[in-house]
Amino acid sequence: MLNLEKYNELFNQFDWETYIRQCNYYYDSKSFWANTHGYTVRVRKIEDNIILQIKSPNTSKEAYKSRTEYGMEISRIPEYLYTADLVSIKDDTSRPERLEMLGYLETERYTKHLTDDIVLFLDRNQYCGFVDYEVEVEFSKDSGTAEKFLLGLGLEPHKIPGKYTRFVMQFTNVEDNK
């Protein structure tokens, strides 16, 4: 996670190649079954493209998250998703029958390809009346390269809750205060 000052510093440090605004609509049960079991179920809208995405957990002891992601284009943003139809969740016998849309998180994302193996993302996220900032690094080789790069930017690699987990924390905080 970044504070606004570090976000602005990184923003001004690079010539960003792309900018997108995307909206992630998150789905879960009222008991947060997906979040508790390490799944992220979302519908992502970027311009006219709508994609149903499911992230399934992998085990990792490193300072980065590893997830398997499934996706497919859909024609509309649904109010509910039925878990029997969802790849990677349908075989989990503890799953609820359906997941409902909880809300959305909007991201303004800047992208910079640093090498063939390292991509830097700078995000401003807004959800449930809250704004946060983060930098993400995607890499296709060993994590040591990405860690050295982050250290060079003055950032200490560490595990942080993912966007969906942060959304759930803020969502439940807002719901508790109603």
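Here are some notes on this structure, point by point, to read beside the model.

1. **Where the model comes from.** Please keep in mind from the start that this is a predicted model. Every value below was computed from its atoms.

2. **The overall plan.** The protein chain contains four helices and eight strands. If you walk along the sequence, you meet them in the pattern α-β-α-β-β-β-β-β-β-β-α-α. The C-alpha atoms fit a box of roughly 45 × 35 × 30 Å along the principal axes. What radius of gyration does the protein chain have? The value is 17 Å, which agrees with the figure near 16 Å for a compact globule of 178 residues.

3. **Inside and outside.** Of the 178 residues in the protein chain, 41% are buried. The contacts tell you about the fold too: counting those with a separation of 6 or more, 52% join residues 24 or more positions apart. Keep this in mind when you trace the chain by eye.

4. **Helix H1 and its two faces.** Start with H1, which covers residues 4-13. Which residues of this helix are buried? They are Lys6, Tyr7 and Leu10. These three lie on the same side of H1, because they span an arc of only 105 degrees around the axis. The general rule is worth learning: an α-helix has 3.6 residues a turn, so residues three or four places apart point the same way. Now turn the helix round: the face away from the buried side carries Glu5 and Asn12, which are exposed.

5. **What H1 rests on.** The buried residues of H1 pack against three strands, namely E6 (98-113), E7 (118-127) and E8 (130-139). Have a look at the start of the helix as well, where a side-chain oxygen of Asn3 comes within 3.2 Å of the backbone nitrogen of Glu5.

6. **A closer look at Lys6.** Is Lys6 buried or exposed? Its relative accessible area is 16%, and buried means under 20%, so Lys6 counts as buried. Setting aside neighbours within four places in sequence, Lys6 is in contact with Leu153, Gly154 and Leu155.

7. **Strand E6 and its partners.** Several pairings involve E6. Strand E1 (residues 18-28) pairs with E6 in the antiparallel sense over 11 bridges, and there Asp28 has Glu100 as its bridge partner. Strand E5 (residues 80-82) also pairs with E6 in the antiparallel sense, over three bridges. In that pairing, Tyr80 stands opposite Glu100. Glu100 is therefore a good residue to select on screen, as the bridge partner of Asp28 and as the residue opposite Tyr80.

8. **From E6 to E7 to E8.** E6 and E7 pair in the antiparallel sense over eight bridges, and a hairpin of four residues joins them. Two pairs to find here are His113 with Val119 and Tyr110 with Leu122. E7 then pairs with E8, again antiparallel, over 10 bridges, with Arg124 opposite Tyr133. This second hairpin has two residues between its strands, and Cys128 in the turn has a positive phi of about 50 degrees. E7 is mostly covered, with eight of its 10 residues buried.

9. **The largest nonpolar core.** In soluble globular proteins, nonpolar side chains tend to be buried together. Here the largest nonpolar core has 17 residues, and Leu2, Leu10 and Leu122 have the most contacts inside it. H1, E7, E8 and helix H3 (143-152) each supply at least two residues of this core. What does Leu122 touch, not counting residues up to four places away in sequence? Its contacts include Leu2, Tyr7, Leu10, Phe11 and Trp16, as well as Tyr110 and Val135.

10. **A separate core, and Leu81.** Apart from the largest core lies another, of 15 residues, among them Tyr27, Trp33, Ile50 and Leu52. Leu81 belongs to strand E5 and is buried, with a relative accessible area of 8%. Beyond four places in sequence, Leu81 touches residues including Tyr27, Val41, Leu52 and Leu99. Val174 is 93 residues from Leu81 along the chain, and their C-alpha atoms are separated by 23 Å.

Conventions
Residues numbered from 1 in each chain as written. Predicted model: local features only at pLDDT ≥ 70, side-chain atom pairs only at ≥ 80, totals over all residues. Heavy atoms only, no water. Buried < 20%, exposed > 50% of the residue type's maximum accessible area, 1.4 Å probe, protein only. Arc of directions from axis to C-beta. Contact = heavy atoms within 4.5 Å. Polar contact = N/O pair within 3.5 Å; in protein donor to acceptor, adjacent residues only side chain to side chain. Core = buried A, V, L, I, M, F, W, Y, C linked by side-chain atoms within 4.5 Å. Rg over C-alpha atoms; globule rule 2.2 N^0.38 Å.
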